[in-house]
Amino acid sequence: MSINFTVWQAQGIVFIVTLAEKIRASGERSKVTWNQRYQLIHARLHRNLLVKPAIVQNTLVASSQSLETVFVEINQKIIVVTGAGSGIGRALVEKFTAEGAKQVIAVDIDAANAAETARASACLAMTADVACEADMIRVIDDVETQVGPIDLFCSNAGLAAGPSEQSPDQEWQISWDVNVMAHVYAARHLVPRMIKRGGGYLLNTASAAGLLNQIGGAAYGVTKHAAVGFGEWLALTYGHQGIKVSLLCPQAVRTAMTAVDPDQLGTEGLQAAAGDGMLEANVVADIVAHGLKQESFLILPHPEVTEYMQRKTADYDRWIKGMNRFHQSLAGD
Ligand SMILES: NC(=O)c1ccc[n+]([C@@H]2O[C@H](COP(=O)([O-])OP(=O)(O)OC[C@H]3O[C@@H](n4cnc5c(N)ncnc54)[C@H](O)[C@@H]3O)[C@@H](O)[C@H]2O)c1
């Protein structure tokens, strides 16, 4: 067993080196992105070393497709949206319905709000707690048996709790369960089905707080970073098998979340998030539909976020000092 593993590892390293050499030698380097190159390497590693022949077929087809730009149309798709009883989720349901989705399923922990969304958009409603794995299994099973295979799953429900390290464990735990584990449960029970039928799309709502952190919102910033990390991991692991992933990362959007509970996001948190303006949820939904058609991994309704990310990675120390000064100015320290 240990000998096989060593041989397997050695083969893998040799293969990566050989493939990298081939890419360099063929001058392909400038034509493909790092992400595409990673997917190519990963796909070929699977083909050579890991997977059974039946999956090899899928891997090859999907990996060659993933190197082209394929525009995903919402028209005629079966789409689930969580957190659909309010805000961004409700706006996504309205947008997808208007774009001609075959069926949209509005899921929320709040039954009355989910029903209201469904009534307004003439679609279906389901009540579920996304932090409960059994509920997520039920949603996926019921939709797939009673409506049809899910083309696009929008894991959008989220909450802002746990403003600091002093906040009770319950606030940290619920932030983790709703803002992170809900994405894990959706992927755990959908990705295998989607791979089997040749692909599918996951849209996970994270936040700009998952890229740039959240002043006044410790558990929110931390769990949204985890959501970004998980979305990246899904994309780089399954891209070659037809699984498309987008992360929605807005700054402030006018919803119930920003309406605002001062104990949770806090006024300084809201001021920080709203520094570049508060977008309407329907505008965000339009941007999401465009991002899905382009298959953009990061959907950034506030374009400033790209520049902030660049500043952060260009000089991390400077960025931390700047954010600390920003925090002090908002807190009046
Ligand atoms: N509003 C913003 O400024 C903003 C900015 C960045 C990211 N986001 C993210 O957008 C997503 C949607 O937020 P929103 O602004 O529309 O807020 P919102 O409060 O208007 O809507 C959130 C919805 O999620 C539902 N929900 C909460 N916990 C749930 C659970 N356990 N199971 C099922 N449903 C649950 C709520 O009932 C609510 O209907 C969240 O993930 C949020 O973190 C919001």
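In the predicted model, helix H6 passes helix H7 in a right-handed crossing. The two helices, H6 spanning residues 133-146 and H7 spanning residues 169-196, pack with their axes 9 Å apart and at an angle of about 40°. Because an angle of this value lies outside the ranges counted as roughly parallel, roughly perpendicular or roughly antiparallel, H6 is described as oblique to H7. On the side of H6, the residues that meet H7 are Glu133, Met136, Ile137 and Ile140, and their counterparts in H7 are Tyr185, Ala186, His189 and Leu190. By class, this contact of H6 with H7 comprises 6 nonpolar residues, 1 polar residue and 1 charged residue.

A further helix pair is formed by H4 (residues 87-98) and H11 (residues 281-294), whose axes lie 8 Å apart and enclose an angle of about 55°. H4 is therefore oblique to H11, and the crossing of these two helices is right-handed. The contact draws on Gly87, Ile88, Ala91, Leu92, Glu94 and Lys95 from H4, and on Ala281, Asn282, Val284, Ala285, Asp286, Val288 and Ala289 from H11. Classified by residue type, the contact of H4 with H11 has 8 nonpolar, 2 polar and 3 charged residues.

Helix H4 also takes part in the surroundings of the ligand, giving the most to the shell around the ligand, with 3 residues. Of the 29 residues around the ligand, those that come nearest are Gly83, Ser86, Gly87, Gly158 and Thr255. Gly87 is thus among the residues nearest the ligand and is also one of the H4 residues in the contact with H11. The shell around the ligand divides into 13 nonpolar, 13 polar and 3 charged residues.

As to confidence, the mean pLDDT of the protein chain is 82, with 76% of its residues reaching 70 or more. Over residues 1-71, however, pLDDT stays under 50, and for this stretch the model has 51 contacts beyond four places in sequence. Where pLDDT is low, the predicted coordinates should not be read in detail.

How values were computed: Residues numbered from 1 in each chain as written. Predicted model: local features only at pLDDT ≥ 70, side-chain atom pairs only at ≥ 80, totals over all residues. Near = placed C-beta within 6 Å. Helix = DSSP H or I, 4+ residues; strand = E, 2+ residues; numbered from the N terminus. Nonpolar A, V, L, I, M, F, W, Y, C, P; charged D, E, K, R; others polar. Axes fitted to C-alpha atoms, helices over the stretch in contact; angles between N-to-C directions. Parallel < 35°, antiparallel > 145°, perpendicular 65-115°, else oblique. Left-handed = near helix turned anticlockwise from the far one by under 90°. Contact = placed C-beta atoms within 7 Å. pLDDT = per-residue confidence, 0-100.
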